Structures are given as structure tokens and as C-alpha cells.
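Please read the following exchange with the structure in view. Each answer sets a value against the definition behind a term.

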Amino acid sequence: MPELSPKWLRSTKGAPFTGIGSLEADILAVVWELGKAKVRDVYEILRERRNYRVHHRHDVMNNLVKKNLLNQDRSGIAYEYTPAIPGREVAQTVLDSVVQRLLGGQRKCRHGHMLGLKRDLTPDEFEQLRSWAVEHFEL
């Protein structure tokens, strides 16, 4: 039975896609960084990075709520948004989706590419690298 993709990774128009948009990613990054944010908080941070229009942020943040990527607290005058899913989980899912779509699920290609290698890792090399990473980092 095929694995169902998360709601945020499914297209509402029937066309498959592999992730989230650029503006969605920028907004999510700000909310993950702050832990909780109002639309104005996001605006102030994104305004420094590039020119966003006010209604775009609000619409995109509401779309992220509909996709179950952000939670929305409506109890105050200004809505407050918090992450619904950890950033690492979203990044892993997007990456897996791209690998599945472009490379037919060849995970070892993804690891080699991310490490800037000129060839794919063998299963033994991958396991050695994974063991080393677990030993040296909090994974």
C-alpha cells in the first residue's frame, strides 16, 4: 500500500508538487526561529530580507494553517502562529519527496549529493558515515 503524503505536501489542484513555496519557506523559517509570531513579527523580519506585501503574508500564513504546518491562536486581537511541525521534519519530507520524484527513491543519491560527492555512497560507506555522525552529534 503506498504511503500517504502529509496534507501540506498534497496539491489541492490535482497536480503533484514536491514541497513548499519560497515565501512559505521564508515564513516558516521565521516562525520556527521565533517559536511563536504574529503577522507583524514576520513582516518586520522579512521586510529586511525582501519586499513583501502585507496581504501576501497573511494569506500565506493562513494557507500554512490550512496545510497543518502552522497553528493559529485566535484568542488575542492579533492572531499568533506557532509551528505545528518541526522544521527538520518538514525539510526531511520535502527532500524525500524530491528524491522520490526525480530519482525514483534512490536515497543514497541524495546523501552523496548533499555531501558534494562525485559518486554515490555505497551502503557500507553510508553506514560508516551514519555511525560516525550518531557518535559525534546529537541525532
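The questions below move from the overall fold to single residues.

Q: What makes up the protein chain in terms of helices and strands?
A: In this predicted model, the protein chain holds six helices and three strands. Along the sequence, these elements follow the pattern α-β-α-α-β-β-α-α-α.

Q: What share of the protein chain is buried?
A: Of the 139 residues, 27% are buried. A residue is counted as buried when its relative accessible area is under 20%. The accessible surface of the protein chain comes to about 9900 Å², and carbon and sulfur atoms account for 54% of that surface.

Q: How do you know which strands are the edge strands of the sheet?
A: The open sheet has three strands in the order β1-β3-β2, with antiparallel pairing. Strands β1 (37-38) and β2 (70-73) each pair on one side only, and they are the edge strands.

Q: What makes β2 and β3 a pair?
A: Two strands pair if at least two bridges are found between them. Four bridges link β2 with strand β3 (residues 80-83), in the antiparallel sense. The count therefore satisfies the requirement of at least two. As for single residues, L70 has P83 in β3 as its bridge partner.

Q: Which helix lies across β1, β2 and β3, and at what angle does it run to β3?
A: Helix α1 (residues 22-34) lies across these strands, and its direction is at about 85° to that of β3.

Q: Why is W132 called partly exposed?
A: The relative accessibility of W132 is 42%. Buried requires under 20% and exposed requires over 50%, with partly exposed in between. The value for W132 falls between these cut-offs, and W132 therefore counts as partly exposed. This residue is found in helix α6 (residues 123-136).

Q: What makes W132 eligible for a surface patch, and which residues share the patch with W132?
A: Patches take residues with over 30% relative accessible area and no salt bridge. At 42%, W132 passes that area cut-off. L129 and F137 join W132 in a nonpolar patch on the surface, and together the three have about 300 Å² of accessible area.

Q: Where is N68 found, and why is N68 called partly exposed?
A: N68 is found in the loop between α3 (54-66) and β2. Its relative accessible area is 41%. Because this value lies between the cut-offs of 20% and 50%, N68 is partly exposed. N68 also has a positive phi of about 65°, although it is not a glycine.

Note on methods. Residues are numbered from 1 along each chain as its sequence is written. This is a predicted model: local features need pLDDT of at least 70, side-chain atom pairs count only at pLDDT 80 or more; totals for chains, interfaces and linings use all residues. Side-chain values use heavy atoms; hydrogens and water are left out. Patches are made of residues with over 30% relative accessible area and no salt bridge: like charges are joined within 9 Å, nonpolar side chains (Val, Leu, Ile, Met, Phe, Trp, Tyr) within 5 Å. Accessible areas come from the Shrake-Rupley method with a 1.4 Å probe; for residues, only the protein chains shown count as cover. A salt bridge is a side-chain nitrogen of Lys or Arg within 4 Å of a carboxyl oxygen of Asp or Glu. Buried means under 20% relative accessible area, exposed over 50%, partly exposed in between (1.4 Å probe, protein chains only). Contact means heavy atoms within 4.5 Å. Axes are lines fitted to C-alpha atoms, for helices over the stretch in contact, and angles run from 0 to 180 degrees between N-to-C directions.
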